[in-house]
Amino acid sequence: MAIICIKKNKMVRILMVNKMNEDIELLTHIYKNAQMGEYTTSTLINRIKNKENKIKPILEKEIKKYEDFVKRSKKILKSLDSVPKGGNSMAKISSTIGITVETLKDNSDSALAQMLVEGMTMGVVSTATKISQYIKVSDRKVIKLARSFQKFQEEEIELLKAYM
């Protein structure tokens, strides 16, 4: 949303600050979601570390990809003089409890894949919503990163379906 001032130089400044805020909001979304994905996938791997699940290599690759999105979004946020804030502690606690309970009930590849697909589907939907919300106002490189993050999650969902 842009605020327009009568003086041209002020209008440009306000538009730039507002555009930067929208970039920061989209980048923060990517950062937090990638951080949460990395956290939950690592937690899941720790829960099955002594098991013979065939899905482990997929999860290990996912963690690396999530780490890359955390790093990339953090770098751009810092270039905008924004300090990325960590994810929600309550969400992490909740996901840890959920993963623990679910893996105690069923730690098969199928059950793990279903958990991950559900989480990633929420991530795809929220990222798609943010992209459509900011596509006309955010910087192209920010939109490109958001689309890349969304595509990564969509591709992972397709890989995980093979285990369901």
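This is a short talk on the salt bridges, helices, core and surface of one protein chain.

Hi everyone, and thanks for coming. Before anything else, please keep in mind that this is a predicted model.

Let's start with the charged pairs. How many salt bridges does the count come to? The count is six, and I'll walk you through some of them.

My opening pair is Lys-130 with Glu-25, whose side chains meet in a salt bridge at 3.1 Å, N to O. This pair links distant parts of the chain. Lys-130 sits in helix H4, residues 109-134, while Glu-25 belongs to helix H1, residues 8-47, and the two are 105 residues apart. Is Glu-25 buried, exposed or partly exposed? Glu-25 counts as partly exposed, because its relative accessibility is 35%, and the partly exposed range runs between 20% and 50%.

Next, a pair inside one helix. Asp-68 forms a salt bridge with Arg-72, with 3.1 Å between the closest N and O atoms. Both residues lie in helix H2, residues 56-79, and they are four residues apart, about one turn of the helix. Asp-68 is partly exposed, with a relative accessible area of 33%, and Arg-72 also counts as partly exposed, at 33% relative accessibility.

Over in helix H5, Lys-161 forms a salt bridge with Glu-158, and here the closest N and O atoms are 2.9 Å apart. Why are these two separated by about one helical turn? Because they are three residues apart in H5, which covers residues 140-161. An α-helix has 3.6 residues a turn, so residues three or four places apart point the same way. As for accessibility, Lys-161 is partly exposed at 43%, and Glu-158 is partly exposed at 49%.

Let me go back to H2 for a moment. H2 has 24 residues, so at 1.5 Å a residue it should span 34 Å; the C-alpha atoms at its ends are 35 Å apart, which agrees. Which residues of H2 are buried? Among them are Ile-58, Leu-59, Ile-63, Tyr-66, Phe-69, Val-70, Ile-76 and Leu-77. The buried set also includes Lys-56, Glu-62 and Ser-73. After H2 comes Asp-81, which has a positive phi, near 60°.

Now to the inside of the protein. The largest nonpolar core has 37 residues. Which residues have the most contacts inside it? They are Leu-27, Leu-44, Ile-55, Leu-59, Phe-149 and Leu-160. Helices H1, H2, H4 and H5 each supply at least two residues of this core, and H4 gives the most, with nine. Leu-59, by the way, is one of the buried H2 residues I listed a moment ago.

A quick stop at a loop. Where is Ser-138? Ser-138 lies in the loop between H4 and H5. Ser-138 is buried, because its relative accessible area is 8%, and buried means under 20%. The side chain of Ser-138 makes a polar contact, at 3.2 Å, with the side chain of Asp-23.

Last stop, the surface. Met-90, Ile-93, Ile-97 and Val-101 form a nonpolar patch there, and together they have about 390 Å² of accessible area. Ile-97 is in helix H3, residues 89-105. Ile-97 counts as exposed, since its relative accessible area is 51% and the cut-off for exposed is over 50%.

That's my tour, and I'm happy to go back to any of these residues with you.

Note on methods
Residues are numbered from 1 along each chain as its sequence is written. This is a predicted model: local features need pLDDT of at least 70, side-chain atom pairs count only at pLDDT 80 or more; totals for chains, interfaces and linings use all residues. Side-chain values use heavy atoms; hydrogens and water are left out. A salt bridge is a side-chain nitrogen of Lys or Arg within 4 Å of a carboxyl oxygen of Asp or Glu. Buried means under 20% relative accessible area, exposed over 50%, partly exposed in between (1.4 Å probe, protein chains only). The expected span of a helix is 1.5 Å times one less than its number of residues. A polar contact is a pair of N or O atoms within 3.5 Å; within protein, one must be able to donate a hydrogen and the other to accept it, and residues adjacent in sequence count only if both atoms are side-chain atoms. Patches are made of residues with over 30% relative accessible area and no salt bridge: like charges are joined within 9 Å, nonpolar side chains (Val, Leu, Ile, Met, Phe, Trp, Tyr) within 5 Å. Accessible areas come from the Shrake-Rupley method with a 1.4 Å probe; for residues, only the protein chains shown count as cover. A nonpolar core is a set of buried Ala, Val, Leu, Ile, Met, Phe, Trp, Tyr and Cys residues joined through side-chain atoms within 4.5 Å.
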